[in-house]
Amino acid sequence: MGDKFVPAAEATISVRTMAFNSGWSVFEGIRAYWNEEEEQLFVFRLPEHLQRLHNSARILRMELPADIDEMVERCRSLLERNNLREDSYLRPIAYKGLPTKLGVNLLDAVDEFVAYCFPQGRYLPTERGLSVGVSSWVRIQDNAAPPRAKIGGTYVNPALAKTDSLLQGFDEALMLTSEGNVAEGSTSNLFLVVNGELVTPPSTEDILVGITRGTIMEIAEEEFGLKVRERVVDRSELYSVDEAFLCGTGAEVAAIGSVDGRRIGDGNIGPITRQLQEFYLDMVRGKNPKYRHWCTPVHTSAAGTS
Ligand code: PMP
């Protein structure tokens, strides 16, 4: 918290904190994977997440307490100090603290920073095809509250979509843009398999430009020779694709089995989705030497770590 490591019980904030009052915060969701053979915890794409945090902070006219390299080291150290030896989640938050004046001027509040971590297994049931429903809650627009940034207050938008979809009996929500095009899942990006190619909505379609999305685009082309097209997707196209999946730090690679009650493929994990899922889950644990540079080791004293 700030630039100190403190016990969780002491990491408290004032009720006057602007992040609490008005949602003025930017955050990241980062996973660390335990590699049993090496007795090592690997953080997946940590510098990229912290770079995105920095970019989100710039949108809210906020400064991070240190440069990206130093932030990487602080996050690594936090995980090490917690001695986590299982799959874990890391949550850094840059936020506006006490106001110097009442109002909505972002510059009238001080910049603060906190990060915490905890053990975390699966987020979505990834062993089967998910049932997803197109939400009647529309994704926020870039020129209203930019979805490109992970801004605390803007998560009321996917929260409404996800909660309603769960209460309607779906596993997950898909959100459309205010233009009516397909945007993304509540906290994940969407890919479709159409005629053997991957299709995903472009970064200009009011999505959070996911780090997993970028990872999938890269490995799909590099490892599986798949063509990836970023293009606008109509809602009705969802109902006739060969395969569909969601991806994100939390969601990892999660197959979609049905959309609005219409089955996709045979309703289970499609063959291309399965290949990408298996490759992804191996890679994030530091088991693929080619992508080891995406995995930051946490424990400095682990056996056999290079
Ligand atoms: N969209 C939204 C709205 C999200 O919150 C997330 C999770 N960060 C994603 C997509 C996936 O992004 P990433 O792959 O960077 O976790």
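## Close-up views of a two-domain chain

**Figure 1. Two domain centres, 25 Å apart.** The C-alpha centres of domain 1 and domain 2 are separated by 25 Å. The model shown here and in the other views is predicted. Domain 1 covers residues 8-121 of the protein chain, and domain 2 covers 130-283, according to the domain assignment.

**Figure 2. Where domain 1 touches domain 2.** On one side of this contact stand 19 residues of domain 1; on the other stand nine residues of domain 2. Which elements give two or more residues to the domain 1 side? They are α1 (18-22), β1 (25-27), β2 (30-35) and α2 (46-59). Helix α2 supplies the largest share, six residues. By class, this side of domain 1 holds seven nonpolar residues, seven polar ones and five charged ones.

**Figure 3. The whole protein chain, for orientation.** The protein chain contains six helices and 15 strands. Along the principal axes, its C-alpha atoms fill a box of roughly 55 × 55 × 30 Å. The radius of gyration is 20 Å, which agrees with the value near 19 Å for a compact globule of 306 residues. Of the 306 residues, 43% are buried. Contacts in the protein chain often link distant parts of the sequence: among those with a separation of 6 or more, 70% join residues 24 or more positions apart.

**Figure 4. F42 in strand β3.** F42 sits in β3, which spans residues 40-44. Is F42 buried or exposed? It is buried, because 25 other C-beta atoms lie within 10 Å, and 20 or more is the cut-off for a buried residue. Leaving aside neighbours within four places in sequence, the contacts of F42 include A32, Y33 and N35. Further along the chain, F42 also contacts R285, G286, C295, T296 and P297. G152 is a useful landmark for the view: its C-alpha atom is 26 Å from that of F42, and the two residues are 110 apart along the chain.

**Figure 5. D206, a loop residue with positive phi.** D206 belongs to the loop between β10 (197-200) and α5 (211-224). Its phi is near 55°, a positive value in a residue other than glycine. Most residues other than glycine have a negative phi. D206 is also buried, with 25 other C-beta atoms within 10 Å.

**Figure 6. E252, a strand residue with positive phi.** E252 lies in β13, a strand of residues 252-259. What is the phi of E252? It is about 55°, positive although E252 is not a glycine. E252 is buried, with 21 other C-beta atoms within 10 Å.

**Figure 7. The shell around the ligand.** How many residues surround the ligand? There are 13, and the closest are L208, G210, T212, G248 and T249. Helix α5 gives the largest share of this shell, three residues. By class, the shell around the ligand has eight polar residues, three nonpolar and two charged.

Technical notes
Residues numbered from 1 in each chain as written. Predicted model: local features only at pLDDT ≥ 70, side-chain atom pairs only at ≥ 80, totals over all residues. Domains from an automatic or database assignment. Contact = placed C-beta atoms within 7 Å. Helix = DSSP H or I, 4+ residues; strand = E, 2+ residues; numbered from the N terminus. Nonpolar A, V, L, I, M, F, W, Y, C, P; charged D, E, K, R; others polar. Rg over C-alpha atoms; globule rule 2.2 N^0.38 Å. Buried ≥ 20, exposed ≤ 12 C-beta atoms within 10 Å, placed from the backbone. Near = placed C-beta within 6 Å.
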